[in-house]
Structures are given as C-alpha cells and as structure tokens.
Amino acid sequence: MIPLVAVEINFYLLLVLKILAITGVMLGGSLPIIFGELKISAHMQSRVGPYYAGGRWGWAQPMADGLKFFQKEDLVPAAADRQVYKLAPYLLMVSTLAVFVIIPFSPDLIAADLDLGIFFALAISSLSTLGVLMAGWSSGNKYSLIGGLRAAAQIIAYELPLVLAVIGVVIQAGTLSMVGIVEAQIDMGVPFLIGGQAVAFVIFFIASLAELNRTPFDLPIAESELVMGYLTEYSGFRFTTFFLAEYAGVVAISAIASTLFLGGYGFWGLDSALFGPFVLAAKVGILAFLMIWIRWTWPRMREDQLQTLAWKWLIPISLANIMVTAIFKVVF
Amino acid sequence: MQARGQGLFKGMWLTLKTLFQKPPTVMYPTEKETPVPRARGVIALDPEACTVCMLCARECPDWCIYIEGHKEEQPPSKEGGRVRTRATLDRFDIDYALCMYCGICVEVCPFDALFWSPEYEYSEMKISGMLHDKGRLTDWLETVPDPPALEA
Amino acid sequence: MSQTLDPRAAAHVSEVAVSVELQTPGMTINLGPQHPSTHGVLRLVAELDGERVVNVEPVIGYMHRGYEKLSEVRTYPQITALVNRIDWVSGFANEIPLMVAVERLMEIEVPARAQAIRLILTELARISNHLVFLSSYPLELGASTPLMHALREREHVLELIEGVTGGRFHPNFNRIGGVKPAAGGGSTQKKLAQDLPQGFLSETAAAMDRMLAICDDMDTLVTGNEIFQARTKGVAVVPPDLALAYGVSGPNLRASGVAFDLREHEDYLPYDKYEFDVVTGENGDCFDRYQVRLEEVRQAARIVSQAIADVPSGPLQAKVPRVIKVPKGETYVRAENPKGEMGYYIVSDGGRIPYRLKIRSASFSNLSILPWALKGLLVPDIIALLGSLDFVLGDVDR
C-alpha cells in the first residue's frame, strides 16, 4: 500500500494503521460535508446558519453538535429488543466504513485494491439496509417500524438500478478493480461520464440518493410523517453514530461515483500520485454539493411513486444501457 | 405545458440564486432592530399622574394589575380653608407573566399615567421577576417614544 | 405468552392459520397530539393496513381555552383582546365579525376611513395567513426551503401590521365604532390618534410588489415542481357536494369548485368598492387547495393596492358611549376569514357583557371532513391532506 514506508512493517501494525487511516478519512470527509450542509442549506433558505461555534463561519458546529450528543443519555426504550437495538447503529457504521477500504485516492494510495473492488463495495453497502431494518424493528415504536420497513422496501428497489448502472461501467472498463476502472478512464482520455456512461451516471446518482435515504427519497425518516422514522427512539451516542454514518455514506457513495464515472483521482495534466487525493476530494465535494442542493430544494416522494420510479423507469433504462454498452464493446 | 422534470430544475436554479444572496437576518444581540414607535413592548407608569382610580385594574381582561393606595390629608390651599384629601399610590404592579399586551389599561386611563414603550428586553430567569413594581414601571417612562407622524 | 392465550385471541390465531390469503393484522397508530405536522395538538387515531388508512378518528379538544365561557364574564372591549387569539395566524381578521356584530346591535355607523383601514389590515392578515400556509405546506411534503422564503416575505407584512397597530400577531386594533380611538381621557401628546403612520401607504405598495414576487417564487419552487404535483394532484379529492354538506368553507370550499366568498355576499366591509376575483379550483384535491391560496395572496395584494390608492379621509371612530352597553337582542355576523367562514352569534341582555357568545370558527368545520376524507389514503397522504386544509388548533378547539 503506502510506498512511503519502505521498511517491512508488521502485518498487524499495518492493519491498525489502515483502520486508523480509514476512520480518519471517514471523519475528515464527513465533518466538512456536515458543515457544508448546515451552511449551504442555511444560505439557500436566506438564513445565516452556524455563526458562533469556533469563531469564523461557525466552523466548529459539527464538532460541537457531536460533543453535545455525547453528553446525552443513551436511552433504550422498555419495549425495545435491547441487543438488536444497541447493535444496529454499529452495523450501519461498519458497513459504511468498509466501503472506504476500496476507494483509490491515488494509484498506490488504497487500503486494499481488491480484484473485485466495486463488487465488494456494493455488497458491503447493502448491509446498511440491515442496520436500518434492525433499528426500526427493535425500537418498539410504530413509527420506527414503518420507517424501517420503508427503508427495506426502498433499498431493495434501488439496489438493482445501482448495481445495473455499475455493470455498464464494468463492461466498458473490463475490470472490477477500482484502480483498474480509473486507469481505464485515464487511458481513454475522458471520464466515463462523457465517454459513454452518462445515463448510467444519472441512474447511479438517483439510486444512491435512495440508498442514502436523502431527499427526495427520505421516506424512512420523513419527519413530517414518521417523526424521525427508524431514528425516533435513538439518542446520544447511538444517534450520533447514525448521523455520522449517514454523512460517511454520502462521502463513500460520492467517492465511488467519482471513481466510476468522473475519473477518480485522475485529472488532465495533474500527476495522479501527487494530486490524486485532492482531485478525488474535489469531485466528492461537487457530488456532495449536488446532493445537498437537491435535498434543500425538492419535496419528498411517496412510497408508491418511489417504487414506480425504480421498477418502471430506472431498471429498464439501466438494462438498456447495459445492452447498448455491451453491443458497443463487442462491435468496436 | 412545460417538459417533464423542468420544474425540478427551475426550483434548483432559484435555490442556487438564493445561496449567493445576503441573508436578511438581523444578528441579534449584536445588531438590533428598532421597533416601531407604536410597538407594544412594555407599559410605563407616570406615578405623578396616577390618581389611584383603579380603572385600569378593573378593565384589565386578565386582572394582572395590582394597585394599592391610601388617602393623605393635604394642607388647605388657603388659610382657613378645607383640609383636602389626596389619593397616594403605594403599590402599582403589573404582572407581565399574565399580561396579554392588549393595551386596554393604557386606553382607559383618564389621567395619562400609562404609556406604551417599545422596549422588549426584560426577560427573566424566574417567573416572579416578571412582576414589575412601581419603580421599575416608572423607569420605563424615559423609553416612551414620541408618536409617529401620521399619514395625511 | 402462548400458554395464557385469551380464547378470543386463540380463535383469531387459528383463523389466520387457515386462511389462504396472507392476512396482516391492522396497526393502530396515534398521530399526535404531539406530532410534527398536526399544527399543534390534534390527535388522529388511525387504523392502518400497511400504509393505507382503514379508519381514522380525529380527537380534538387538547387546546380548549373556553373562549365562549370567558366571554360571558368580560365586557365587549375586553373580548376584543381575547378573540385575536382564536386563530392566531390571522389575528386581525378575527376581530372584524365581532366588531360588526356589536356595531349592528348598537346601530353604529362606522366612518369610511375606519372601514378602509379595517379592510386593508384584514387583507394583510389574509396574506400573512396564506404565507404561513405556503411555507408550512411544502415543509410537510418534505421541502423545507419554501418555508424560509415565504416567512421571510411575511415579515414585511407583519411589520406593516405592527406599524399601524403595535402588535404583530395580536393587533387588538378594532374598537366598537371604528379603529383604536384617538386617546383616552387624558390630553398629552403621547396618546394622539392612532391613524395610519406616515409612510404606511408607500411601504404597503412596496410590500405588495414583494408579495407578487414571492408568489412567482413559490410558483417556481413549489407549484412547478413535478414531485410536489405528484404528491398533491388527485390526492384527497373533496367533491363539492360533500364539502358543502360538511360545512367546509373558505379556500377549501372554493378549491372544490364552489365559488362562494363571503366578501361578495356579506357587507361587513366595503369589498364592493374593489375589484377582485373569487378563485376556485377544479378538482378539489390538495393541489387545488394549495393553488387557490397562492392565487388568493395575489388577489389580496390586488385589493390592498386598490385600497391604499384611495383611503377616504374623515374620522376614525363613530360616536360611542364611554361605557359600552349593547341593547337587548341577538345577531349573527359572519365574515370571510383567511381560513373560511368565521362568525359570532351574540345574545345580549342589554348589559356590558354578552349573555352568550357563540363562535363559529372555520377550522372546526373544515376539520370535520377529516374522517371521511382520510379513509383509504396512504400515510404520506394524511399529511398532505392535513396540511392542505390549513387549520389552526386554536381555531378548532377555541
């Protein structure tokens, strides 16, 4: 992995280092996005937003919020299934964290360049459904239950277009490895977004909004209907974990989308090894801004409309996209 | 008829435009808005003008004004004249925790002893602190603004 | 648990076991009294089958403040201060029918200038009320940005109301026989006439332009949004005959296609001097209820613009006795409030306080259609319908 470390390092030490690095990347990516969401949403609504915490711009607001949540009592409802209830946020967090393992920040800077990279990411991120469902089911609250079930139905519906959209990219790149996909784009000269996979990108983006339960697909939370959906009963540290996992999810999905469609760490004329992480961060920032922008503009869809969109539009279109990509691949 | 999906992006354009506008927020407490002169903020009392007639206390819809007074004998104005009695105000309290800021007391006062002031910064940590006594009500008097000019 | 199974429950279990189709037990869910989108303390006991509403029972009364009883021990000027608070979103408009009722009983002719000021402020209250609706309704459907945009503009209307009356929400500006009197019995300068303050007319004209602009913004941000349309069009359709049968009034009735506006039919304020359209919807769905209110903001701005162009001069108050005693008799005056028909039925026994004051508030009647309208809807549609009826719990429970 890290070529800077020339000496042989103990395997376990390296493991710990990698875990720490990935946690750091997760936090370092999520906190700015949380802050960006607070501030951008405020200005989109003619508000000022965070102002005092930390001095200028209120930059320390996410940290202050986190600290506040840590001080709160960790409540477990009497009707809750205690073990499942307590486990749910960590499952969600772990599944999101594990996605970071396969994100390439530069040709060499990657925790594990798996041959099945993108497959691993899609598989492990599906686990988050389980966390949401567990949270909703075990809370012993009807709002949570409805929220959890909505989340399950939604993620089943949107996992398919998500995977199908990726297949187009995989066919075009000819590899499942994340580094391989980026290198294929660098070789081609343009990212896949321009080079043939625009439709797949749109589908991937819509589906990932649904995966992340963000507006217009935030039905599992739907605060005007279900109070807070599956999060209703959570407080304190566990709530923070959910909250952080949501934004870590935003970073992770944006990073995957940038890698698959926007050329990952590569940018014309910039040395990937040196500038790779910054290029990727900029691309993640653009996608995250898009998500924030959509969230603070659009209303929320209804469950049946959401299913209609997935099954009647996204899945057929993504299947057609695969077919067209495959034909092009064979012909040219 | 617009193309399907166009409305979604028109809305996004509007929020993007708003993103780069300056928010109209007034950063209280560092900045303050000036309330309009007629704003019903707090009631000021002119104890010299009050004759303890109790009209305000009686007309108050939720009876949040407490008045006590006594009669004082005044020396006759002329030598050999009649000894006059004059009502003196001992207690004039308004319980702002009860007050609903209707202004009926100000209106019914026949001797111009009560005035509206637009001051609003008198929140308290304890509800008992919302009971303003005679001295505190008198202090508000200097914040009473002149009435606004009128439309012709 | 299974050992101590109730025989009736046991029968139920076996029934489920033998039935061929999969039967899911219904779920009873309490929406409220503390719930983000019930506008206060409305409680809905909803029986759900999955996400579909099988039956719903609204429970009201959590906010009963006993206005009718309170009014029986208060003089008429004191009641004026109370009725502001029935529907606090449109405080000024609540005062008008009461004032007109008392004036009719006392046979007082209100001066033209006072009438015009009343009319302007009523329409401003209507704009303010509808802007609250326009802000909260998209929020209930998940879009939170229109909330801040509409409230930002409402601030300009509230400032206008405050400039004249001294209160943003509870103006308490109407007096029997006119608007707030010139002064009490005293004589100092600080209690001069409560006429319109200088600059009010020009500020109002500017604010009305802003109102038209925010209506256009709402069109861009909300009305034109396809997701919003999908959520509201064809949802919770209230047919006109049922709306009339349930006593639904105001914008909700007009959205169902019934062009009934008390501003045209009653003469409590000189609306006949101004031009405006009675906005009606076609389908009676949530979208029409939203659209009618949006259009009414434009119409109200139109009325205000006409009214400020020509405010008659003259006194602000008719001659009224110092102690207001209403002659024996009874009357009912209704008015077109922002939320619908609001009326006061006054029974006077000739004294300083009413013998009985019955308040007909718009939200209560509008809400009565809920059990009918909610049946068969999905959970998100409950919220869409609740929001579109635009009620205030203070107005329901009084």
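Contact here means heavy atoms within 4.5 Å. By that yardstick, 17 residues of chain B are in contact with 14 residues of chain A. Keep in mind that this is a predicted model, where local features need pLDDT of at least 70 and side-chain atom pairs count only at pLDDT 80 or more, while totals for chains, interfaces and linings use all residues. Residues are numbered from 1 along each chain as its sequence is written, chains are lettered from A in the order in which they are written, and side-chain values use heavy atoms, with hydrogens and water left out.

Let's stay with chains A and B. Together they bury about 1300 Å² (accessible area, 1.4 Å probe, lost on being put together and summed over both parts), and carbon and sulfur atoms give 75% of that. On the chain B side, Met12(B), Leu19(B) and Met27(B) supply 42% of the area buried against chain A, more than any other three residues. Chain B touches chain A with eleven nonpolar, six polar and no charged residues, with Ala, Val, Leu, Ile, Met, Phe, Trp, Tyr, Cys and Pro counted as nonpolar, Asp, Glu, Lys and Arg as charged, and the others, Gly among them, as polar.

Now hop over to chain C. Ser365(C) sits in helix α13, residues 362–367 (helices are DSSP runs of H or I, at least four residues, numbered from the N terminus). Ser365(C) is buried, at 13% relative accessible area (buried means under 20%, with a 1.4 Å probe and protein chains only). Leaving aside neighbours within four places in sequence, Ser365(C) is in contact with Tyr246(C), Gly247(C), Val248(C) and Arg360(C).

Methods
Helix = DSSP H or I, 4+ residues; strand = E, 2+ residues; numbered from the N terminus. Buried < 20%, exposed > 50% of the residue type's maximum accessible area, 1.4 Å probe, protein only. Buried area = accessible area lost by both parts, 1.4 Å probe.
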